[in-house]
Amino acid sequence: MLLLGCIKEVSDYELVISLPNGLSGFVPVTQISDAYSKMLSKEVAQGELLEDLNSLSEMYSPGTLVRCIVTSVEKSADGRRSIKLSIDPKKVNKGLNALALASGMLLSGFVASVEDHGYLIDIGVSGTHAFLPRQKAQNYIKAVKKGPDLKIGQNLNCVIVEVKNEGRVVRLSIDRSEVAASIATEQQNWTLSNLLPGLVVKAQVRKVAPFGIKVRFLSTFTGIVDFMHMDPEKSMNYSPDQVVRACILSVHPTSKVVRLTLRQAFLHPGGSPNQLSSGRMGAVVEESTVKAFYKQFGAIFELDDGTLAFARLKHLSKTRKSFKPGAFKTGCKHKCRIIDYSLMDEMCIVSLKYQIIEAPILQYQDIHTGDVVQGKVFALKPIGMQVKVTDGIKGLVPSMHLADVILKQPEKKYSIGDEVKCRVLECSPAGRRLILTLKKSLVQSKLPVLCNYEDAKPGLITHGVVVCAREFGCIVKFYNDVKGLVPKNELSSEPISCPDKVFQEGQVVKVMVLKCEPQQERLLLSFRLSSKPALEGKKECTPEKNQEVKYQIGEMVDVKVLKKKDNGLEVSILEDEGNVIAWIPTVHLSDFVSTCKLLWHCLQEGDVLPRVMCLSDKGERIILSRKAAVISALQEEQVVRNFSEIQPGMVLTGYVKNVMPFGVFVEFPFGVTGLAPKVSMSDKFVTDTKDHFVVGQTVIAKVMSIDEEKQRVLLSLKVSECSSGDSAAESFALLNQYFKEIKEIRNLLRRKGEPSMASSLCELVPGKELQLVMQNVTEDGSAQFGGSCVTGLTVTATRYHLGDKNIVPGEQTKALVLHVDALSSKVYVSLREELLKQKSKQVCSQRTPSTLPSCST
C-alpha cells in the first residue's frame with residue numbers, strides 16, 4: 001500500500017512517520033535508498049566513519065512529507081501493531097517504467113551521487129538516468145539550509161522537466177516554485193497501477209455523505225475524502241459537481257481504492273502540515289466541545305484554543321459498556337487530555353479516559369533522571385529486562401542493574417507481568433530511550449542524584465555503581481552516564497594492593513566528590529567519607545595544602561587579588577572557595593608590555609579577575625596568565641605539548657623567557673622552549689637584543705629547525721616569516737584587544753572613585769579636543785599647558801605639534817589629545833590645525849600604539 005506520510009521523529013536508525021487517520025509507521029535506516037544502503041554497508045565493512053555518509057538527522061527534519069510503501073505489519077507481544085515502511089524509490093515508484101515518464105510529473109527522488117554540474121538522482125525507474133542540474137537546485141538548497149550541497153540519500157520532490165530517448169534520460173528540477181505549482185494532468189497518462197500519493201489533482205465532487213465525499217479526478221479515477229480530511233473551514237459546505245483541488249493520500253494495491261485530502265497544507269507539493277506546540281502535548285483540557293460524532297470511529301472536538309482534536313471510540317469511555325452515545329451530541333462539553341498529534345490529519349489525538357487524564361506519565365518528556373517509576377516486566381532478554389511503564393513507554397533494565405548483585409538466572413526472580421519499582425538512570429525523549437535500575441540501594445537511596453558534572457560539588461556524598469576495578473583504583477558510574485575515578489589512595493584508610501579483589505563490578509557504593517572539572521568531564525572521588533577533603537573547610541586550608549588540588553594547563557578560573565608584590569599578584573582561585581593560592585606575574589597580566597604595568601598599578605586587593613588561565617601547576621605554586629593570545633592558542637589547540645610534537649614550519653604563540661646578547665629564548669605553554677638567534681630576531685639589523693624584546697613579552701614564532709638529539713629548537717621572530725596570510729586582520733584584532741584592555745583600565749580607575757587626577761585620566765582619550773591654557777615653554781621648544789580638565793596632569797605639546805601658532809603664557813587655545821601615559825600622568829597634545837579639523841574617530845583609527853614592538857602580540 002502506498003501512503004503519503006510526514007516525518008514525526010528522526011533518530012540514528014529510523015524515521016518515525018505520521019500516517020493518515022492517526023497511525024504511525026517506521027522507516028528503518030536500511031530502507032532509504034540503494035545508494036545510502038551501499039554507503040552504510042561500506043562503513044560497516046571498513047569499520048570506520050565515512051566522510052560522505054550523513055546521519056538521518058542531517059538529511060531529514062520533522063514536518064517533511066514523504067511517499068512511503070508498507071513493507072510489513074507486525075503485531076507485538078502486547079497486541080500493538082507496528083507498521084514497517086520504506087521510502088526507497090525502487091519500491092515506491094515500482095509501478096512506473098521509462099515509457100510512462102512524461103514532462104511535468106512529480107516523483108520522489110533520492111540523491112545517488114554528487115557530480116561537477118549537478119546530481120544523479122535515483123527515481124527507482126529501471127533503465128532511466130535522472131539528472132538534476134545545479135541551477136535547478138540552488139533555490140531549494142538556500143531555503144532548506146542543510147549545507148552547501150545536497151547529500152547522498154536525501155529525499156527530494158522532483159518535477160520532470162525534459163524526457164529524452166524514450167525515457168532513458170530525464171532532466172529534473174526541485175525548484176520550490178515549480179514543485180509547488182505542479183499538478184497531475186490527463187496528458188501525463190497516469191494509471192491506477194502507477195498512481196502516486198502526494199500528487200495534486202483537480203477533482204469533481206460526485207457525492208457528499210456524512211462520513212466523507214466521493215470525487216472523480218483525472219477524468220476516469222474515483223476516490224474518497226474521509227471526514228478527517230475535508231477542509232475544516234468549509235466543513236460540509238460541499239456540493240455535487242463542485243470542482244476542488246485535492247491531494248492523493250493513499251493508493252491500495254488490490255482494491256485500488258484511492259483516498260484524498262482537501263486540507264490546504266497538502267495542496268501545494270513541498271509544503272508542510274501544521275504542527276502542535278510542544279507545550280500542548282500532554283495538556284489537560286477542562287472543556288472541549290463536541291463538533292461531530294461518528295458512531296463507528298469516534299468524535300471530533302474543538303479545544304479551548306480553537307484547534308480540532310479527534311478521540312477514537314475506545315478513548316471516549318473507560319469501557320465499551322460504560323459508553324453513552326447521548327453524551328456526544330454536538331455542543332456537549334468534556335474533559336480530555338492531549339495524548340498525541342497526527343501531522344497528517346493536522347489534529348490532536350485526545351482521550352477522555354479518567355486513568356489517562358490523571359496519569360502522571362504520558363510521554364518520555366514526563367520522565368526525569370532519578371525519578372522512581374512503577375512498571376511491569378515485559379520481556380527478558382540477554383542484555384537485560386524490558387519494563388513497560390505505560391502503553392507507549394518501555395524501558396530497559398541492563399543485566400547489571402537487575403539486583404544489588406549480578407543475577408546469573410534472572411528468570412528465577414522475575415516473571416512476565418510482575419510489578420516492579422525502578423529508578424530512572426537515563427531518559428532521552430528524542431531517542432525514545434529509557435534506562436532503569438532495580439538495585440534496591442539506588443531505588444531507596446535518599447542521597448542526592450548526581451546526573452550531570454555541574455552538580456558534582458566538592459564534598460557531595462552520593463550513591464554510585466562500580467563499573468571497573470583495576471590496579472589504579474575504581475571507576476564509579478552515576479546517572480546520565482556521569483563517571484568518576486576513585487584513585488587507589490582514596491579507596492580506603494588502609495592500603496589496598498588489589499582493588500579488583502575488594503570491589504566487584506555492579507557493586508553499589510557511597511562516594512564523596514573531591515574535585516570536578518565539568519568542561520573536561522573529569523570527576524575525582526573518594527570512598528573515605530570520614531576524612532574531610534582539604535576543600536571542605538576554609539579554616540583547615542593553608543597555602544601548604546594547595547597543591548592537593550591540581551589544575552590542568554589551559555584550565556580557565558576566576559581569581560581574587562590577595563596581595564600586590566613588585567613582580568606580580570598573589571591571588572586566590574574562586575572556584576575552590578578561595579582556598580587555593582596562585583600567582584600571576586606582572587608580565588602575564590596582558591599581551592602588551594605597557595598594559596601589564598598599567599593593570600598592576602590599577603588593580604587593588606579584593607579585585608576579581610575573570611577567565612585567567614592556568615599556565616603551570618608545577619613547583620611551589622600555580623602560575624596563571626591573562627595573555628589573550630596565549631589563551632586563544634591553547635583553546636584552538638595551536639600548541640605543542642612536548643618536544644616530539646614540534647615540526648619545522650609551525651607558527652606558535654609564546655612569550656620571551658630571557659633576552660641574551662646572542663638571541664632570545666622563547667617559552668611556550670607546557671614548558672617547551674626555543675631560541676631565536678640574533679639574525680632571526682627581526683627583519684631589521686639588530687645591534688642590541690634588549691632594544692627589541694623584553695622578558696615576558698608575547699611573541700609569535702616560527703619553528704625553523706629542530707635538533708632531536710640535543711632537544712633544541714631554533715626559531716624566527718621576523719614579522720615577514722611569522723605573520724599569516726591575513727596580516728591586516730591580525731593587526732586589527734591586536735589593536736582591538738589593546739583598546740579593550742585600555743578601556744578596562746579606565747573602568748578600574750573610574751570605579752575606584754579616586755582623586756580628581758585619576759578621574760581626569762579616565763576621561764582623556766586620543767582624539768579628544770580640550771580647552772587649555774599655556775603655562776610655559778621649555779628649552780627644547782615644547783610647551784606645557786594647564787586647565788580645569790587636566791588638573792594634576794602634565795600636559796605637553798612638542799615644538800612640531802605647536803604648529804605655526806605663536807601663543808604666549810596665559811593664552812587659551814584648543815588642543816587635541818594624542819597619547820595618555822597613565823603611569824606617569826602625562827598627556828601629549830597637538831595644536832596643529834590639520835589635526836584639529838579632523839574627526840576624533842579618524843585620528844584614533846590612524847594611531848598605532850608605540851608599545852607594540854615588531855613580532856609582539
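**A barrel and its ring pairs**

Visitor: In what order do the 5 strands close into a barrel?
Guide: The barrel here has mixed pairing. A strand is a DSSP run of E, at least two residues, numbered from the N terminus, and two strands pair if DSSP finds at least two bridges between them. Going round, the order is β6-β7-β8-β10-β9.

Visitor: And what is the average twist from one strand to the next?
Guide: Picture a line fitted to the C-alpha atoms of each strand, with angles running from 0 to 180 degrees between N-to-C directions. From one strand to the next, the twist averages 50°.

Visitor: What should I know about the model itself?
Guide: It's a predicted model, where local features need pLDDT of at least 70 and side-chain atom pairs count only at pLDDT 80 or more, while totals for chains, interfaces and linings use all residues. Residues are numbered from 1 along each chain as its sequence is written, and side-chain values use heavy atoms, with hydrogens and water left out.

Visitor: Which residue is the bridge partner of Phe131 in β10?
Guide: Look at β8, residues 129–133, which pairs with β10, residues 169–173. The two run in the parallel sense, joined over 3 bridges. In β10, the partner of Phe131 is Arg171.

Visitor: How far apart in sequence are the parts that Phe227 and Phe297 tie together?
Guide: The structure holds 10 aromatic pairs (rings of Phe, Tyr or Trp, its six-membered ring, with centres within 6.5 Å; planes under 30 degrees apart are stacked, over 60 edge-to-face, the rest tilted). The centres of the Phe227 and Phe297 rings are 5.7 Å apart and their planes sit at 45°, so this pair is tilted. Phe227 lies in the loop between β13 (221–226) and β14 (243–251), and Phe297 in the loop between β16 (284–294) and β17 (298–302), so the parts they tie together are apart in sequence by 70 residues.

Visitor: Is Phe297 buried, partly exposed or exposed?
Guide: Buried means under 20% relative accessible area, exposed over 50%, and partly exposed in between (1.4 Å probe, protein chains only). Phe227 has 11% relative accessibility, so that ring's residue counts as buried. Phe297 is at 38%, so the word for Phe297 is partly exposed.

Visitor: Where does Phe323 lie, the partner of Phe293?
Guide: Phe293 and Phe323 form a tilted pair, 6.0 Å centre to centre with 40° between the planes. Phe293 is in strand β16, and the pair ties together parts 30 residues apart in sequence. Phe323 lies in the loop between β18 (308–312) and β19 (333–342).

Visitor: Which residues do ring pairs link into a cluster?
Guide: You've already met Phe227 and Phe297, whose rings make a tilted pair. Ring pairs link the cluster of Phe227, Tyr294, Phe297 and Phe310.

Methods: Helices (H or I, at least four residues) and strands (E, at least two) are DSSP runs, numbered from the N terminus.
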